[in-house]
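User: I have a structure open and should like to go through some of its features with you. Could we take them one at a time?

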Amino acid sequence: MTSSPVSDKRQHVVETAYALFKRAGFHATGIDRIIAEADVAKMTMYRHFPSKDELIVEVLDYRARRFDRQLDRLAEEVAAPEQKIEKIFDWHERWFRSPDFHGCLFAHALAEFGDPEHPVFKAVARQKNGLKRRLQSILEKEMPRGRAGSVAAALLMLIEGATLLAQMGQADTAVRDARKAALSIIAASRRPQ
């Protein structure tokens with residue numbers, strides 16, 4: 001299936017905005033800068049994205065889809081639930097060490113858009129809740145659903161904390177300690193209660 005010039009132009013705007021937002025932030029990046037960097041007409045921008053908030057939500061959804069596809073590919077490499085969790089931590093470790101790492105785009109968005117009713121806040125919640133559901137789904141193969149939900153929440157907190165520490169320049173210890181804590185939590189949750 002080939003894409004149309006219209007969808008190509010729209011995608012180009014999204015990818016340009018993504019690069020700018022992750023480097024400079026959402027509020028600090030103006031629409032005029034995105035238009036200039038994407039080399040599109042103002043009319044084209046507003047035809048695709050009538051508001052900056054709509055563009056931000058699309059950028060976040062684009063990033064979430066990319067992340068999900070990457071995790072889907074990793075999940076196919078291994079079968080055991082614990083190995084799947086390890087792969088998620090491996091992905092984060094590679095990301096933290098990449099020259100393109102600027103912290104979590106979703107956390108940055110949450111810091112700039114704190115109103116739970118705002119569409120940007122809702123896009124962040126979708127992504128974070130999606131990761132938690134992914135973790136829970138993996139863990140449910142080894143433990144009861146209720147326990148898997150609690151462990152998934154704890155693992156998400158470890159990932160988020162490690163991401164923040166990595167942004168502060170502590171990637172090596174953040175990943176090592178988060179991985180160790182995650183495996184301890186999973187092992188403890190398997191024991192009869």
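Analyst: Certainly. This is a predicted model. A starting point is His92, which lies in helix α5, residues 81-97.

User: Is His92 buried or exposed?

Analyst: His92 is buried, because its relative accessible area is 6% and the cut-off for buried is under 20%.

User: And what is His92 in contact with, leaving aside its neighbours within four places in sequence?

Analyst: With those neighbours set aside, His92 contacts Phe67, Ile159 and Thr163.

User: Phe67 belongs to α4, I believe. At what angle do the axes of α4 and α7 cross?

Analyst: The axes of α4 and helix α7 (residues 119-139) cross at roughly 10° and come within 8 Å. The two helices are therefore roughly parallel, since angles under 35 degrees count as such.

User: Which residues meet there?

Analyst: On the α4 side they include Asp53, Ile56, Leu60, Asp61, Phe67 and Asp72. On the α7 side, Val120, Arg126, Gln127, Leu131 and Arg134 are among them. The residues of this contact divide into 11 nonpolar, one polar and six charged.

User: How does α4 pack with α6?

Analyst: Helix α4 (residues 52-77) and helix α6 (residues 105-112) pack at an angle of about 155°, and their axes are 10 Å apart. That makes α4 roughly antiparallel to α6, because the angle is over 145 degrees. Their crossing is left-handed.

User: Which residues make that contact, and how do they divide into nonpolar, polar and charged?

Analyst: Helix α4 contributes Val59, Leu60, Arg63 and Ala64, while α6 contributes Leu105, Phe106 and Ala109. Six of the residues in this contact are nonpolar, none is polar and one is charged.

User: Changing topic: what does the UniProt record annotate at residues 30-49?

Analyst: The UniProt entry, which is unreviewed, gives "DNA-binding region" for residues 30-49. In the model this span is 75% helix and 0% strand, and its end C-alpha atoms lie 14 Å apart.

User: Where does Asp39 lie?

Analyst: Asp39 is in the loop between α2 (31-38) and α3 (42-48).

User: What is the phi of Asp39?

Analyst: Phi of Asp39 is near 55°, a positive value in a residue other than glycine. Most residues other than glycine have a negative phi.

User: Is Asp39 buried or exposed?

Analyst: Asp39 is exposed, because its relative accessible area is 63% and the cut-off for exposed is over 50%.

Note on methods:
Residues numbered from 1 in each chain as written. Predicted model: local features only at pLDDT ≥ 70, side-chain atom pairs only at ≥ 80, totals over all residues. Heavy atoms only, no water. Axes fitted to C-alpha atoms, helices over the stretch in contact; angles between N-to-C directions. Helix = DSSP H or I, 4+ residues; strand = E, 2+ residues; numbered from the N terminus. Parallel < 35°, antiparallel > 145°, perpendicular 65-115°, else oblique. Left-handed = near helix turned anticlockwise from the far one by under 90°. Contact = heavy atoms within 4.5 Å. Nonpolar A, V, L, I, M, F, W, Y, C, P; charged D, E, K, R; others polar. UniProt positions renumbered as here; feature names shortened; annotations may be inferred. Buried < 20%, exposed > 50% of the residue type's maximum accessible area, 1.4 Å probe, protein only.
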